[in-house]
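Biologist: I am new to reading protein models and would like to learn how one goes about it. Could you take me through one, feature by feature?

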Amino acid sequence: MPVIPCRTNLLHNDRELYQFLLDCHEQSLRQGRSFVVSVSQQIESIDPLSALQNISSLSSSGLHFYWENRKKKEAVVAIGSTKHLIVKRGNRFTKSQNFIQNCLDKTIAVGDLNLPWSGPHFFSGFTFFPTAQKNESPFPPATIFLPRFQIARSPEGCVLVVNITIDDRANVEKILETLKKQIETIDWSSKKGIDLELTPSSPGIQPIPIRKTSEFTTAVTSVLKSIQTQRLSKIVLAHSLDVISPVPFQWVNSLARLRQIHPDCYIFSLSNGKGTSFIGASPERLISIKNRYLLTDALAGSSPRGKTEFEDDFFANQLLNSEKERREHQAVSDFICQRLRALGLQPTRSPLQLLQLSNIQHLWTPICAELPANVRPLDIVAKLHPTPAVAGVPTQIACEKIRHYETFDRSLYAAPLGWVDARGNGEFIVGIRSALIKGDRARLYAGAGIVEGSNPDKELAEVQLKLQTMLKALI
Ligand SMILES: C=C(O[C@H]1C=CC=C(C(=O)O)[C@@H]1O)C(=O)O
């Protein structure tokens with residue numbers, strides 16, 4: 001990818017930007033191919049969630065991706081698409097990785113390129129199953145896009161990235177005119193700031209009684225029999241809850257509440273560009289790659305937080321000392337290490353610890369590895385998904401059982417969602433503690449790992465506790 005640094009403030013310097021785009025257009029005519037021009041510029045501090053609020057209030061259509069990690073004080077919003085790929089079947093991770101490479105081969109990056117989040121980034125979401133379960137599924141098996149705009153905030157500053165296609169037919173005047181209007185909207189967003197609503201906005205939401213909780217406990221009882229008699233040692237069964245609101249859900253406000261209530265989770269939102277958004281607060285990092293260093297999490301085994309310090313310590317010790325919870329956890333940790341070794345990596349596990357979130361705590365084993373240059377982010381995602389934290393052991397049998405027992409489409413629930421940059425860095429989370437939202441309807445998801453010794457009522461209580469994450473954010 002050709003890189004042209006040192007042109008600062010290009011997006012606010014019309015003459016220089018015009019000349020630069022003209023040069024790119026001439027290059028495109030000479031070489032008979034199209035380019036993506038990716039301009040990065042440091043901007044005044046702006047809350048990416050406010051920008052999403054403002055821009056989505058102007059137009060509800062178009063792809064968007066939102067991602068926030070409060071621990072790292074990082075947030076990014078990606079709006080609109082300059083290049084995108086939808087994969088409907090077959091090798092979705094390889095096709096997505098190749099799409100990234102093809103785009104980068106034709107990208108010219110310019111501007112403030114040394115800041116975190118500068119340069120082109122690709123945003124993506126995958127469904128849990130590689131093929132759509134139902135035709136009406138709102139998301140295809142893979143969605144990946146290079147956004148038109150990306151606004152990111154980190155402790156080092158705020159960066160705007162604009163990606164523009166320039167081909168032999170490009171009308172540079174027109175491109176510039178549209179771009180100026182869009183940048184004005186973003187500038188306006190930053191000045192306006194926005195009051196993200198943290199008080200309840202949809203007090204009258206009602207559950208739609210589609211799936212009874214007994215459906216879940218009956219399924220758990222059945223799979224426990226399979227665990228005793230078949231080659232299955234673990235399965236993660238999910239339950240879903242449909243809710244309806246008297247007014248359309250204000251999902252940006254829900255994201256604002258999620259980030260406030262769950263500062264230790266990744267807050268995310270991905271839209272399909274047709275009015276459906278998938279949002280949530282996930283504690284589970286599938287991969288994080290920075291400078292060829294990989295971090296991943298084995299996260300499984302759960303207990304509530306206590307109401308008093310004494311009760312909290314009691315639950316924590318019970319979780320750490322439970323043979324059944326540790327077995328459920330070990331299955332995930334072993335699987336991840338074995339899959340990373342199959343990619344030629346040498347994973348190292350940190351000691352088992354607790355990840356204590358606001359409403360729940362989990363057994364947690366951070367795992368790390370050095371990455372050789374030939375292993376790309378989506379190669380690892382392809383190898384790891386689905387881990388036994390969301391599917392089971394062995395994977396294939398567990399997935400067949402999930403399809404059999406769960407009467408709803410998992411869609412993006414429990415599946416990889418994340419970003420990749422031009423330097424080979426990237427981060428993916430597992431889309432748990434999540435909901436699909438369209439207008440006044442929402443479908444919430446939560447699951448629990450079932451192993452020998454699991455109790456159906458306790459698993460139901462765990463799933464209901466996990467559903468609270470989204471319920472509290474929607475109300
Ligand atoms: C599948 C979910 O959680 C997973 C992650 C952490 C703990 C889990 C558990 O204890 O069952 C699950 O494996 C979910 O929240 O829907």
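Modeller: We will go through helix packing, the ligand shell, an annotated domain and some details of the backbone. Please keep in mind from the outset that this is a predicted model.

Biologist: Let me begin with the helices: at what angle do α5 and α11 pack, and how far apart are their axes?

Modeller: To describe a pair of helices, one can give the angle between their axes and the distance between them. Here helix α5, which covers residues 213-229, packs against helix α11, residues 456-474, at an angle of about 130 degrees, and their axes are 9 Å apart. An angle that is neither roughly parallel, roughly antiparallel nor roughly perpendicular counts as oblique, and α5 and α11 are therefore oblique to each other. The crossing in which α5 passes α11 is right-handed.

Biologist: Which residues of α5 and α11 make the contact?

Modeller: On the side of α5 they are T213, F216, T217, V220 and T221, while α11 brings P456, D457, E459, L460 and V463. Sorted by class, this contact of α5 with α11 holds 5 nonpolar, 3 polar and 2 charged residues.

Biologist: How do α6 and α11 cross, and at roughly what angle?

Modeller: The same reading can be applied to this pair. Helix α6, made of residues 251-261, crosses α11 at roughly 125 degrees, with the two axes coming within 8 Å, and α6 and α11 are therefore oblique to each other. Their crossing is right-handed. The contact is formed by S254, R257, L258 and I261 from α6, together with K472, A473 and L474 from α11; by class, these residues divide into 4 nonpolar, 1 polar and 2 charged.

Biologist: Now for the ligand: how many residues surround the ligand, and which are the closest?

Modeller: For a ligand, one can list the residues around it and then ask which elements they come from. In this model 18 residues surround the ligand, the closest being A300, S302, I432, G447 and G449. The elements that each give two or more residues to this shell are β10 (234-244), β14 (293-304) and β22 (441-451). By class, the shell has 10 nonpolar, 5 polar and 3 charged residues.

Biologist: What does the UniProt annotation say about residues 214-466?

Modeller: An annotation comes from a record, and it can be set beside the model. The unreviewed UniProt entry labels residues 214-466 as "domain: Chorismate-utilising enzyme C-terminal". In the model this span is 36% helix and 35% strand, and its end C-alpha atoms lie 17 Å apart.

Biologist: Finally, which peptide bonds before P386 and P394 should I look at, and are they cis or trans?

Modeller: For a peptide bond, the angle to read is omega. The bond from H385 to P386 is cis, with omega near -5 degrees, and P386 lies in the loop between α9 (377-384) and β18 (392-393). The bond from V393 to P394 is cis as well, with omega near -10 degrees, and P394 is placed in the loop between β18 and α10 (395-405).

How values were computed
Residues numbered from 1 in each chain as written. Predicted model: local features only at pLDDT ≥ 70, side-chain atom pairs only at ≥ 80, totals over all residues. Axes fitted to C-alpha atoms, helices over the stretch in contact; angles between N-to-C directions. Helix = DSSP H or I, 4+ residues; strand = E, 2+ residues; numbered from the N terminus. Parallel < 35°, antiparallel > 145°, perpendicular 65-115°, else oblique. Left-handed = near helix turned anticlockwise from the far one by under 90°. Contact = placed C-beta atoms within 7 Å. Nonpolar A, V, L, I, M, F, W, Y, C, P; charged D, E, K, R; others polar. UniProt positions renumbered as here; feature names shortened; annotations may be inferred. Near = placed C-beta within 6 Å.
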